Amino acid sequence: MTKLIRHDGLSALQIGRLTACLERKFRFSDGVRTLGADLEARFARGELVSKKASNGMIAYNRQTFNRMNNNEQAAYMRRLEAKRYYWLEDAEGTGHAVAKVIFDAANLPLALHSIAA
């Protein structure tokens, strides 16, 4: 059976960071589990189908933007476009936000609508 998270090609430091992220516990609707256990279970059920990187425009705030002058608005837009969010997506396109190290190690294809990571 294929595993979701690949450790091959990672340095010891990267494996340590990945393990720390995956061993963090979260409360889900059906109990408390580690993030790694939840992602592996969803992958085994076939729920996770792709990974996607998006820019920070999802955090855009119109009210904040309108209070700024022209130079501040330009800087705000540059910051949002430079920020990256990483997702593991299911078939409906809804996703689970994950850290970059998990995104890089995930054994999933990159979504067509993803921006360059």
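This passage walks through the sheet, the nonpolar core and the salt bridges of a predicted model.

A good place to begin is the sheet. Three strands form an open sheet in the order β3-β4-β5, and their pairing is antiparallel. The edges are held by β3 (48-55) and β5 (95-98); each has a single partner strand, so one side of each is left without a neighbour in the sheet. From one strand to the next, the twist averages 30°.

The pairing of β4 with β5 can be followed residue by residue. Strand β4 covers residues 84-90 and joins β5 through 4 bridges in the antiparallel sense. Across this pairing, Leu88 has His96 of β5 as its bridge partner, and Tyr86 is matched with Val98 of β5. The two strands belong to a hairpin with 4 residues between them, where Gly93 adopts a positive phi near 95°. Along β5 itself, the side chains alternate between two faces. His96 and Val98 point to one face and are buried, whereas Gly95 and Ala97 point to the other and are not.

A helix accompanies the sheet. Helix α2, made of residues 35-44, lies across β3, β4 and β5. Relative to β5, helix α2 runs at about 145°.

Attention now turns to the nonpolar core. The largest such core has 17 residues, and those that touch the most other members are Leu4, Ile5, Leu39, Leu48, Leu88, Val98 and Ile102. Several elements contribute: α1 (12-22), α2, β3, β4 and α5 (100-105) each supply at least two residues of this core. Two names from the β4 and β5 pairing return here, since Leu88 and Val98 are both in that group of core residues. Leu4 offers a helpful view of the surroundings. Beyond its neighbours within four places in sequence, Leu4 is in contact with Leu39, Glu40, Phe43, Leu48, Leu88, Ala105, Ala106, Asn107 and Leu108.

Charged side chains add another layer to the picture. Side chains of opposite charge can pair when their charged atoms come close. Across the whole structure, 6 salt bridges are found. One of them joins the side chains of Asp30 and Arg33, with an N to O distance of 2.7 Å. Asp30 has a relative accessibility of 59% and therefore counts as exposed, the cut-off being over 50%. Its partner Arg33 is partly exposed, with a relative accessible area of 24%. Asp30 and Arg33 also belong, together with Asp38, to a network of salt bridges.

A further salt bridge brings together the side chains of Arg42 and Glu47, at 3.4 Å from N to O. Here Arg42 counts as buried, at 13% relative accessibility, while Glu47 is partly exposed with a relative accessible area of 30%.

The side chains of Lys52 and Glu89 also meet in a salt bridge, with 3.6 Å between N and O. This pair links distant parts of the chain, as Lys52 sits in strand β3 and Glu89 in strand β4, 37 residues apart. Both partners are under the 20% cut-off and so count as buried: Lys52 has a relative accessible area of 17%, and Glu89 has one of 3%.

Notes
Residues numbered from 1 in each chain as written. Predicted model: local features only at pLDDT ≥ 70, side-chain atom pairs only at ≥ 80, totals over all residues. Heavy atoms only, no water. Pairing = 2+ DSSP bridges. Axes fitted to C-alpha atoms, helices over the stretch in contact; angles between N-to-C directions. Contact = heavy atoms within 4.5 Å. Core = buried A, V, L, I, M, F, W, Y, C linked by side-chain atoms within 4.5 Å. Buried < 20%, exposed > 50% of the residue type's maximum accessible area, 1.4 Å probe, protein only. Salt bridge = Lys/Arg side-chain N within 4 Å of Asp/Glu carboxyl O.
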